[in-house]
Amino acid sequence: MRWGPRAGARVAEEVVVPGEGRITAIVPDPRRAGAVRLSVDGRLRWTVAAGAVDTLAVGARLTDELVARLEGAADAEGALRTALRAFAHRSFARRDLARRLVRPGPPAPAVEAALLECERMGLIDDLVFALGFVESRAARGRGPSRVARDLGAAGVERSIIDQALARWPASAPPDALALALARKRASQLHDVERQARRRRVLAYLARRGFTGSAAQAAVREAMGG
């Protein structure tokens with residue numbers, strides 16, 4: 001669908017017709033490649049993705065339908081920029097990022113459009129996120145159950161969590177991690193009565209994500225039986 005009469009090629013110069021309610025400039029946005037700024041009657045009105053206005057030209061008259069479309073495109077652009085700023089600090093699972101984008105209050109369609117664009121850009125991939133999460137947490141001495149719980153809290157699906165856990169880094173085997181942590185904690189509690197020390201070391205391992213028979217075995221070896 002064409003939005004308004006084609007008044008020639010898109011240009012950067014302002015064509016001001018006061019009070020006419022027309023698009024008077026469509027110029028590249030210096031803050032993000034692939035976005036443009038639209039002015040109406042000489043005043044900046046919207047910043048949107050360039051693809052959202054690929055059939056729009058300077059001189060097009062505003063209609064209710066066009067305004068609604070541009071408002072939606074501007075909301076989507078704002079949500080995308082929020083996402084890009086978030087990714088500058090760390091990676092996100094899709095659902096976790098969606099929760100973050102909803103907080104400022106953009107409409108749901110704008111959030112979904114931003115998520116789809118992030119996927120197109122290769123920024124969202126929950127399996128890649130989960131694999132990186134497992135590797136970093138293993139390096140910090142976290143066990144499988146803690147990592148699984150944290151990934152679930154980030155909105156990663158259980159099937160993806162299981163795939164990531166199955167590829168636990170060989171450089172940090174859970175049994176070895178649990179034993180090292182048990183030995184360290186037991187030595188810190190050397191003046192505590194043996195049974196109480198055993199319970200506290202087990203609780204410490206559980207908080208770290210080591211549970212069940214693996215944790216029991218680590219405590220037995222750390223405490224010499």
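Two residues are in contact here when heavy atoms of theirs lie within 4.5 Å. Keep that in mind for this tour, which walks through a predicted model.

**Stop 1: the pair H8 and H9**

Select residues 194–208 for helix H8 and residues 212–222 for helix H9. From H8, show the side chains of Arg 198, Val 201, Leu 202 and Leu 205; they meet Ala 215, Gln 216, Ala 218, Val 219 and Arg 220 in H9. Sorted by class, this contact holds six nonpolar residues, one polar and two charged. Now turn the view to look at the two axes: they lie 10 Å apart, and the helices pack at an angle of about 135°. Angles over 145 degrees would count as roughly antiparallel and those from 65 to 115 as roughly perpendicular, so H8 and H9 are oblique to each other. Their crossing is right-handed.

**Stop 2: back to H7**

Keep H8 on screen and add helix H7, residues 174–188. H7 and H8 also pack at an angle of about 135°, with axes 10 Å apart, which makes H7 oblique to H8. Here is what to highlight:

- On H7: Ala 178, Leu 181, Ala 182, Arg 185 and Ala 186.
- On H8: Arg 197, Arg 200, Val 201, Tyr 204, Leu 205 and Arg 208.

How many of the residues in the contact of H7 with H8 are charged? Four are, beside seven nonpolar ones and no polar ones. H7 passes H8 in a right-handed crossing. While you are here, click on Val 201 and Leu 205 of H8: both take part in the contact with H7, and both also meet H9.

**Stop 3: the sheet**

Next, move to the strands. Select S1 (23–28) and S3 (43–49), the edge strands, each of which pairs on one side only. Add S2, residues 35–40, and you have an open sheet of three strands in the order S1-S2-S3, with antiparallel pairing. On average, neighbouring strands are turned by 25° against each other, direction ignored.

Zoom in on S2 and S3, which are joined by six bridges. Two partners to pick out are Arg 37 with Thr 47 of S3, and Ser 39 with Leu 44 of S3. Then follow the chain around the hairpin of S2 and S3, where two residues sit between the strands. Which residue in this hairpin takes a positive phi? Select Asp 41, whose phi is near 50°.

**Stop 4: H1, on the sheet and beside H3**

With the sheet still shown, add helix H1, residues 64–87. H1 packs on the sheet and touches S1, S2 and S3, and its direction makes about 65° with that of S3.

H1 has a helix partner too. Select H3, residues 108–120: the two pack at an angle of about 50°, with their axes 8 Å apart. That angle makes H1 oblique to H3. H1 passes H3 in a right-handed crossing. On the H1 side, show Asp 75, Ala 76, Ala 79, Leu 80, Ala 83 and Phe 87; on the H3 side, show Ala 110, Val 111, Ala 113, Ala 114, Glu 117 and Cys 118. This contact has 10 nonpolar residues, two charged and no polar ones.

**Last stop: colour by confidence**

Finally, colour the protein by pLDDT. The mean is 90, and 92% of the residues reach 70 or more. Then select residues 1–18, where the pLDDT is below 50. Beyond near neighbours in sequence, this stretch has 43 contacts in the model.

Definitions and conventions: Residues numbered from 1 in each chain as written. Predicted model: local features only at pLDDT ≥ 70, side-chain atom pairs only at ≥ 80, totals over all residues. Heavy atoms only, no water. Pairing = 2+ DSSP bridges. Helix = DSSP H or I, 4+ residues; strand = E, 2+ residues; numbered from the N terminus. Axes fitted to C-alpha atoms, helices over the stretch in contact; angles between N-to-C directions. Parallel < 35°, antiparallel > 145°, perpendicular 65-115°, else oblique. Left-handed = near helix turned anticlockwise from the far one by under 90°. Nonpolar A, V, L, I, M, F, W, Y, C, P; charged D, E, K, R; others polar. pLDDT = per-residue confidence, 0-100.
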